[in-house]
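Reader: I am in my first year and still learning how to read a protein model. Could you take me slowly through one part of this one, and then show me how that part is connected with what lies around it?

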Amino acid sequence: MFRTLLSGLRSPLAEPPVADPELAALGAQLDAAARRRLGRGLSIRAVDAGSCNGCELELHALSNAFYDLERFGLRFVASPRHADVLMVTGPVTWHMREALVRTYAATPDPKWVVAVGDCGVGCGVFAASPACVGSVAQVVPVDLTIPGCPPTPARLLAGLLALLGG
Amino acid sequence: MSGWGETVGRLAGGAATLLGLWGEPGAVHLAVLEGAPPLPLGGWGEGVARSAPPSPRPSPASGRGGVGVAGGATGATIRHLIRPCPDGHYPAISRVHPAALRLERTVRDLYGLDPIGLPDTRPWLAHGAHPTAYPFLPVEGADLHQVPVGPVHAGIIEPGHFRFTCDGETVVRLEQRLGYAHKGVEALLAGADLTVAARIAGRICGDSTVAYALAFARATEAACGAAPPPRAVWLRALAAELERLANHLGDVGGICNDAAFALMLAHCAVLREQVLRTASACFGHRLMMDAVVPGGMAVDLAEDGAARLGALVGDVRTRFARLVALYDGTASLQDRTVGTGIVTADLAARFGAGGYVGRASGRDFDARRSPGYPPYDRLAFDIPTRTEGDVNARVWIRIEEIKQSLRLVEQILDRLPSGPVRAALPEAAGEGIALVEGFRGDVLAWVRMDGDRVVRAHLRDPSWFQWPLLEAAAEGNIIADFPLCNKSFNCAYSGHDL
């Protein structure tokens with residue numbers, strides 16, 4: 001185990017840490033914007049309101065060594081009570097509507113809601129379904145939308161930057 | 001419906017395995033697997049791998065008259081039966097075969113067909129007007145307490161509710177309540193244009209989008225009596241193995257992270273990201289959504305795809321070997337995974353659990369080998385099985401399957417035929433059924449076509465037969481080990497909730 005730990009210290013896991021220049025620029029802006037707006041950072045709570053799990057996979061990817069969300073002061077938290085931002089995925093199903101409303105109510109002000117993915121933004125391929133309420137905005141007020149099926153991690157980062165007004 | 005009673009009898013007796021049970025207005029469908037390898041009573045010992053394909057059997061897949069079955073020429077066969085229910089009811093199969101229970105509750109919820117003698121008459125996927133009011137099973141006992149979890153979880157995961165009843169730290173009973181991600185998929189598929197239906201099929205379960213699209217495409221092709229061009233067949237397998245690699249890599253990291261061993265997650269997440277980036281460079285989408293379509297592939301492999309994949313395989317193989325050594329050599333990690341969340345071989349066989357859940361508990365089944373589908377009949381790969389049935393065994397099955405998928409990608413690149421990747425489907429009316437091995441287990445797809453429209457379709461996720469086993473696996477474990485057990489199953493919510 002120690003050899004693996006040491007090798008990780010000597011050379012970064014994902015080389016180079018920020019491979020793509022677009023991402024580097026985004027990161028720098030995001031960092032500055034997060035500090036200006038919030039002082040320390042931004043806490044995000046992910047809510048799956050009926051997604052196919054595609055968006056969740058890409059939200060997860062934000063934490064890997066390539067994107068390393070936490071270096072920008074952004075982090076995922078375990079409870080809406082600790083969150084500044086709700087990132088909501090999926091067409092909101094009738095079965096998740098109540099849970100989403102309660103999660104929104106449990107998030108302290110000031111708060112922002114980001115609708116993630118084509119389903120969250122406009123219900124995607126499930127628009128005609130009687131089992132879905134509709135897009136996230138039809139259930140809670142939405143401040144920002146990040147389309148994509150699913151949005152790539154770089155697009156998610158760009159979206160968060162827009163939220164911070166950077 | 002001829003043979004319905006006899007088939008149900010074979011299910012109850014363990015001679016056949018339940019593949020699916022679904023409905024349509026006025027009729028209930030049953031699909032079973034016949035001639036599957038029997039349960040290894042004595043077990044094969046630790047980590048014994050059986051080579052594929054086994055000795056071929058002469059009889060091809062057989063189905064009901066008029067149903068095209070997409071399958072190979074080896075091993076087990078799929079049997080599909082339709083029972084008309086003019087009076088709106090039929091005798092419940094779950095009375096004699098519990099694996100059918102949640103499926104029968106679902107058929108009742110979605111199509112109003114009443115299974116007579118249903119042992120549990122609570123709704124399953126339908127939550128009704130009062131989603132918070134659900135009659136969980138009663139609990140009695142002075143020292144017991146309950147812990148409700150979900151549907152909004154602490155991590156970035158799909159919605160579901162777990163109701164734990166505990167005695168101190170020990171879980172006495174876990175009861176699941178699912179259906180939160182129910183999106184009315186079957187209603188959307190009914191009457192949909194084939195192109196639209198294929199897009200929906202690829203979004204029933206996002207992590208298995210290739211497997212779902214492939215199952216749907218193969219069922220459609222079986223219904224039309226069409227075959228995709230050879231290059232498409234091989235490219236589909238390539239995409240499917242990349243999906244398996246990405247998911248297994250993510251799971252190995254995730255399971256170790258749930259045992260507070262974050263180092264493994266950090267390394268595995270990097271490998272997973274590399275697979276996704278390569279997939280994006282090869283097929284134009286990180287998860288390869290909409291790449292597999294009825295009639296072939298929507299995209300051909302990018303020009304530099306083969307070179308990129310070759311480099312990826314070499315890199316992942318070298319780096320993953322070090323991580324396997326790390327897992328194998330860390331006693332504190334194995335202290336959490338060994339002996340935790342055990343699924344007995346008997347339960348895995350009775351529920352017909354597929355994927356790593358079944359194979360870690362001695363069920364030697366993989367749809368790529370049996371019933372089998374091309375091009376796997378021409379590829380060399382081993383199907384690992386173990387008998388312990390604990391979290392550790394499910395980790396090792398994934399580790400072995402990662403190695404096998406790397407082997408498969410190399411073979412596919414070596415022998416990839418040239419030519420077109422898509423052929424027009426003939427407009428035909430008929431039914432088709434297909435079984436495809438996703439990373440999680442076997443995905444069943446059934447479709448009824450009329451011209452270029454889907455009359456009705458059903459896709460059954462492997463999780464249907466794995467979720468109930470998680471309830472059994474959690475029993476007697478401490479509640480703090482539940483995330484570990486849950487991640488080692490990694491069942492689908494959206495895929496299950498339809």
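Author: Let us begin with chain A, keeping in mind throughout that this is a predicted model. Chain A has six helices and seven strands, and if you follow the sequence from its start, these elements come in the pattern α-α-β-α-β-β-β-α-β-α-β-β-α. Of the 166 residues in chain A, 55% are buried. When you consider the contacts in chain A between residues with a separation of 6 or more, 81% of them join residues that are 24 or more positions apart.

The part to look at closely is the sheet of chain A, an open sheet in which five strands are arranged in the order S2-S1-S3-S5-S7, with parallel pairing. The edges are taken by strand S2 (74-76) and strand S7 (144-146) of chain A, and each has a single partner strand, so one side of each has no neighbour in the sheet. On average, and with direction ignored, neighbouring strands here are turned by 25° against each other. To see one pairing in detail, take strand S1 (residues 42-48) of chain A, which pairs with S2(A) in the parallel sense over three bridges; A:Ser43, for instance, has A:Arg75 in S2(A) as its bridge partner. Helix H6 (residues 153-163) of chain A packs on this sheet, where it touches S1, S2, strand S3 (85-89), strand S5 (112-116) and S7 of chain A, and the direction of H6 makes about 170° with that of S7(A).

Another helix of chain A that deserves attention is H3 (residues 54-61), which is mostly covered, with seven of its eight residues buried. The buried residues of H3(A) are A:Gly54, A:Cys55, A:Glu56, A:Leu57, A:Glu58, A:Leu59 and A:Ala61, a list in which you will find two glutamates, A:Glu56 and A:Glu58.

From here we can turn to the second chain. In the contact between the chains, 49 residues of chain B meet 47 residues of chain A, and the area buried between them is about 3800 Å², with 68% of this area coming from carbon and sulfur atoms. On the side of chain B, the residues that lose the most area to chain A are B:Val152, B:Ile156 and B:Lys183, which together give 19% of what that side buries.

One residue that links the two chains is B:Cys205, placed in the loop between helix H4 (194-201) and helix H5 (209-224) of chain B. Because its relative accessibility is 0%, and buried means under 20%, B:Cys205 counts as buried. Apart from neighbours within four places in sequence, B:Cys205 is in contact with A:Cys52 of the other chain, and with B:Tyr212, B:Arg440, B:Asp461, B:Ala492 and B:Gly495 of its own. The C-alpha atom of B:Cys205 is also separated by 9.6 Å from that of B:Asp497, although these two residues are 292 residues apart along the chain.

Chain B has sheets that can be set beside the one in chain A. In one open sheet, three strands follow the order S8-S9-S10 (chain B) with antiparallel pairing, and strand S8 (144-149) and strand S10 (170-177) stand at its edges, each with a single partner strand, so one side of each is without a neighbour in the sheet. Neighbouring strands of this sheet are turned by 20° against each other on average, direction ignored. Strand S9 (residues 161-167) of chain B pairs with S10(B) over seven bridges in the antiparallel sense, and B:Thr165 has B:Arg173 in S10(B) as its bridge partner.

Further along chain B, strand S14 (residues 428-437), which has eight of its 10 residues buried, pairs with strand S15 (residues 442-451) in the antiparallel sense over 10 bridges. Four residues lie between the strands in this hairpin of S14(B) and S15(B), and there B:Gly441 takes a positive phi near 150°. S15(B) in turn pairs with S16(B) over seven bridges, again antiparallel, and these two strands form a hairpin with one residue between them. Strand S16 (residues 453-460) of chain B is mostly covered as well, with six of its eight residues buried.

How values were computed:
Residues are numbered from 1 along each chain as its sequence is written. Chains are lettered from A and ligands numbered from 1 in the order in which they are written. This is a predicted model: local features need pLDDT of at least 70, side-chain atom pairs count only at pLDDT 80 or more; totals for chains, interfaces and linings use all residues. Side-chain values use heavy atoms; hydrogens and water are left out. Buried means under 20% relative accessible area, exposed over 50%, partly exposed in between (1.4 Å probe, protein chains only). Two strands pair if DSSP finds at least two bridges between them. Axes are lines fitted to C-alpha atoms, for helices over the stretch in contact, and angles run from 0 to 180 degrees between N-to-C directions. Contact means heavy atoms within 4.5 Å. Buried area is the accessible area (1.4 Å probe) that two parts lose on being put together, summed over both.
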